[in-house]
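This report describes charged side chains and one alanine site in a protein model. The sequence and structure are shown first, and the description follows.

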Amino acid sequence: MTESLLPAELTKLARRVIDENRAAGRRIAVAESCTGGLVSAALTEIPGSSDVFVAGIVTYADEAKMNLLAVAQDVLETFGAVSLATAWAMANGAVEKTGADLSVSITGIAGPGGGSERKPVGTVVFARCIAGEDPEKAKVDQRAFGDLGRSGIRLQAALCALELLLPDAPAEPV
């Protein structure tokens, strides 16, 4: 196996995501915020990923979430960028904008600043959308990783997102 810039556990799971989605005939997309493209980087680390991976959209600023993923301004103003509603809108926007069969979104607070009592550092929200499925059936989940440091939070978030990209993903991220 060739050397990777990324942690082995991340590329191993990314390989599984690519292989299993290829076998299922699914094309995937990712909408990332706090992971800053880490999930997309892991997926593109796998040779031949281009026949499965459609796009990775990094939307760090709220304006990018609105412009690139069609997240409504009132969703961001009402619930905030780190919310179930925003993650849901990001995942649905990724499917709509890319034509992928399956998408996952990630938004959170990686720290060291930016947290609050209600949303402390380590809060990460995920959503999974399948094209053509009732949007109400989309999987959404909020995780509290705790303050593992910025890199630790981003790694755990990327691993959870990859788990959600598996065709037989569990009802909730693991």
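Helices, labelled H, are DSSP runs of at least four residues, numbered from the N terminus. On that basis, aspartate 19 and arginine 22 both belong to helix H1, where three residues, about one turn of the helix, separate them. The model is a predicted one.

**Salt bridges**

Three salt bridges are found in a search of the whole structure. The table lists the pairs with their N to O distances.

| Acidic residue | Basic residue | Distance, N to O |
|---|---|---|
| Glutamate 20 | Arginine 16 | 2.8 Å |
| Aspartate 19 | Arginine 22 | 3.4 Å |
| Aspartate 51 | Arginine 22 | 3.0 Å |

Aspartate 51 is placed in the loop between helix H2 (38-44) and strand E2 (53-58), whereas arginine 22 is in helix H1, so their salt bridge ties together parts that lie 29 residues apart in sequence. A network of salt bridges links Asp19, Arg22 and Asp51. With regard to solvent, aspartate 19 is partly exposed at 37% relative accessibility, arginine 22 is partly exposed at 35%, and aspartate 51 is partly exposed at 40%.

The pair of glutamate 20 and arginine 16 is also found in helix H1 (residues 8-24); because the two are four residues apart there, about one helical turn separates them. Glutamate 20 has a relative accessible area of 26% and is therefore partly exposed. Arginine 16, at 36% relative accessibility, likewise counts as partly exposed.

**Negative surface patch**

Which residues gather in a patch of negative charge on the surface? They are Asp62, Glu63, Asp74 and Glu77. At least two residues of this negative patch come from each of helix H3 (62-69) and helix H4 (73-79). Glutamate 63 is located in helix H3 and, with a relative accessible area of 49%, is partly exposed. That value falls short of the exposed class, because exposed requires over 50% relative accessible area.

**The site of alanine 138**

Alanine 138 occupies the loop between strand E4 (123-130) and strand E5 (139-144). Is alanine 138 buried or exposed? Its relative accessibility is 16%, so alanine 138 counts as buried, the class being defined as under 20% relative accessible area. Leaving aside residues up to four places away in sequence, alanine 138 touches Trp88, Arg128 and Glu133. Between alanine 138 and alanine 94 the C-alpha to C-alpha distance is 13 Å, and the two are 44 residues apart in sequence.

Notes:
Residues numbered from 1 in each chain as written. Predicted model: local features only at pLDDT ≥ 70, side-chain atom pairs only at ≥ 80, totals over all residues. Heavy atoms only, no water. Buried < 20%, exposed > 50% of the residue type's maximum accessible area, 1.4 Å probe, protein only. Contact = heavy atoms within 4.5 Å. Patch = residues over 30% accessible without salt bridge, like charges linked within 9 Å, V, L, I, M, F, W, Y side chains within 5 Å. Areas by Shrake-Rupley, 256 points an atom, 1.4 Å probe, with all protein chains shown as cover. Salt bridge = Lys/Arg side-chain N within 4 Å of Asp/Glu carboxyl O. Lys, Arg positive; Asp, Glu negative; His and termini not counted. Charge placed at Lys NZ, Arg CZ, Asp CG, Glu CD.
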